[in-house]
Amino acid sequence: MDGNGRWALGRGLSRTEGHRRGMEAVRTAVETSRELGVSYLTLFSFSSENWSRPPLEVQFLFGLLRLFIQRDLAELHRNGVRVTVIGDRVRLTSDIRSLLDKAETLTRDNKGLRLVIAFNYGARDEITRAVRRIGEDVAAGRLSPDAIDEAAIQSRLDTAGMPDPDLIIRTSGEMRLSNFLLWQAAYAELVFVPAFWPDFDRAAYLQAVEEYARRVRRFGGVAARRSG
């Protein structure tokens, strides 16, 4: 979800207003995902690199997270949405950790859309933490070095038990992953959208899904011949 600040600056508004408008796009994305029958929607809301932004902006982003959970969690729960948070929580304040725990606990039995919020998340950090866990297990004798394979790594990632993404959409015209789901994105289809995130509405979402539907996925093999 990229381009909140540039969207705002282009309109003579504050960056914080761009983030506020971006929250409306989040709600639209969740509603459209439910409409389409999407099983998993992962939103990259705060990266482990975002701490380098101005402190007031970081505080505002944390405030938006608080507002989102306090205002939207009940509705998400009523609609059967299950909330999961990925990322490193060690650096987060206790009140934020409590809110994240509350969202996950309240919705953990829901069977609808799985809304995954990547907060204080970075893919390299995630992989580093997974490798550290493997090292600890090997040192403790719980895991043999010969048993380290892709499954061993994947089971220790933040997304353990979740499917890899089929489609990754990046807004604002930037054409890079920016440390997002690097392991999981090995065979994901990528769609880059020129619109800034606050302008990513239902029509833009559907257009990205239509682009995905035109792709032929091979997963390293040979595509099956299409009939007709």
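**Close-ups of a predicted model**

With ring centres within 6.5 Å taken as a pair, the count in this predicted model comes to 11 aromatic pairs. The views below start with a pair of rings and then move on to helix crossings and a few single residues.

**View 1. Phe-44 and Phe-180 form a stacked pair.** The two ring centres sit 4.8 Å apart, and the planes are at 20 degrees, so Phe-44 and Phe-180 count as stacked. Phe-44 belongs to strand E1 (residues 40-47), while Phe-180 comes from the loop between strand E4 (167-170) and strand E5 (189-192), so the pair ties together parts that are 136 residues apart in sequence. Both partners are tucked away: Phe-44 is buried at 17% relative accessible area, and Phe-180 is buried too, at 9%.

**View 2. Four aromatic residues make one cluster.** The members are Phe-46, Trp-51, Phe-62 and Phe-119. Keep an eye on Phe-62, which turns up again in the next view as one of the H3 residues touching H4.

**View 3. Helices H3 and H4 run roughly parallel.** The axes of H3 (residues 55-78) and H4 (residues 94-107) come within 11 Å and cross at roughly 15 degrees. That angle is under 35 degrees, so the two helices count as roughly parallel. H3 passes H4 in a left-handed crossing. On the H3 side, the contact is made by Phe-62, Leu-65, Arg-66, Ile-69, Gln-70, Leu-73 and His-77. H4 answers with Asp-95, Ile-96, Leu-99, Leu-100, Lys-102, Ala-103, Leu-106 and Thr-107. Sorted by type, the residues of this H3 and H4 contact give 9 nonpolar, 3 polar and 3 charged.

**View 4. Helices H2 and H7 are oblique to each other.** Here the axes of H2 (residues 15-36) and H7 (residues 202-214) come within 10 Å and cross at roughly 50 degrees. The crossing of H2 and H7 is right-handed. H2 brings Thr-28, Ala-29, Thr-32, Ser-33, Glu-35 and Leu-36 to the contact, and H7 brings Arg-202, Tyr-205, Leu-206 and Val-209. The residues of this H2 and H7 contact split into 5 nonpolar, 3 polar and 2 charged.

**View 5. Ser-47 touches Asn-120 and Tyr-121.** Those are the contacts of Ser-47 once residues up to four places away in sequence are set aside. Ser-47 lies in strand E1 and is buried, with 9% relative accessible area. Its partner Asn-120 is found in strand E3 (residues 114-121) and is buried as well, at 5%. Asn-120 also has an eye-catching backbone: its phi is near 50 degrees, a positive value in a residue other than glycine. Most residues other than glycine have a negative phi.

**View 6. Ser-178 is another non-glycine with a positive phi.** The phi of Ser-178 is about 50 degrees. Ser-178 is found in the loop between E4 and E5, and with a relative accessible area of 32% it counts as partly exposed.

**View 7. Gly-161 is an exposed loop residue.** Gly-161 has its place in the loop between helix H6 (150-154) and E4. Its relative accessibility is 79%, so Gly-161 counts as exposed. Along the chain, Gly-161 and Val-193 are 32 residues apart, and their C-alpha atoms are separated by 29 Å.

Notes. Residues numbered from 1 in each chain as written. Predicted model: local features only at pLDDT ≥ 70, side-chain atom pairs only at ≥ 80, totals over all residues. Heavy atoms only, no water. Axes fitted to C-alpha atoms, helices over the stretch in contact; angles between N-to-C directions. Helix = DSSP H or I, 4+ residues; strand = E, 2+ residues; numbered from the N terminus. Parallel < 35°, antiparallel > 145°, perpendicular 65-115°, else oblique. Left-handed = near helix turned anticlockwise from the far one by under 90°. Contact = heavy atoms within 4.5 Å. Nonpolar A, V, L, I, M, F, W, Y, C, P; charged D, E, K, R; others polar. Phe/Tyr/Trp six-rings, centres within 6.5 Å; stacked < 30°, edge-to-face > 60°. Buried < 20%, exposed > 50% of the residue type's maximum accessible area, 1.4 Å probe, protein only.
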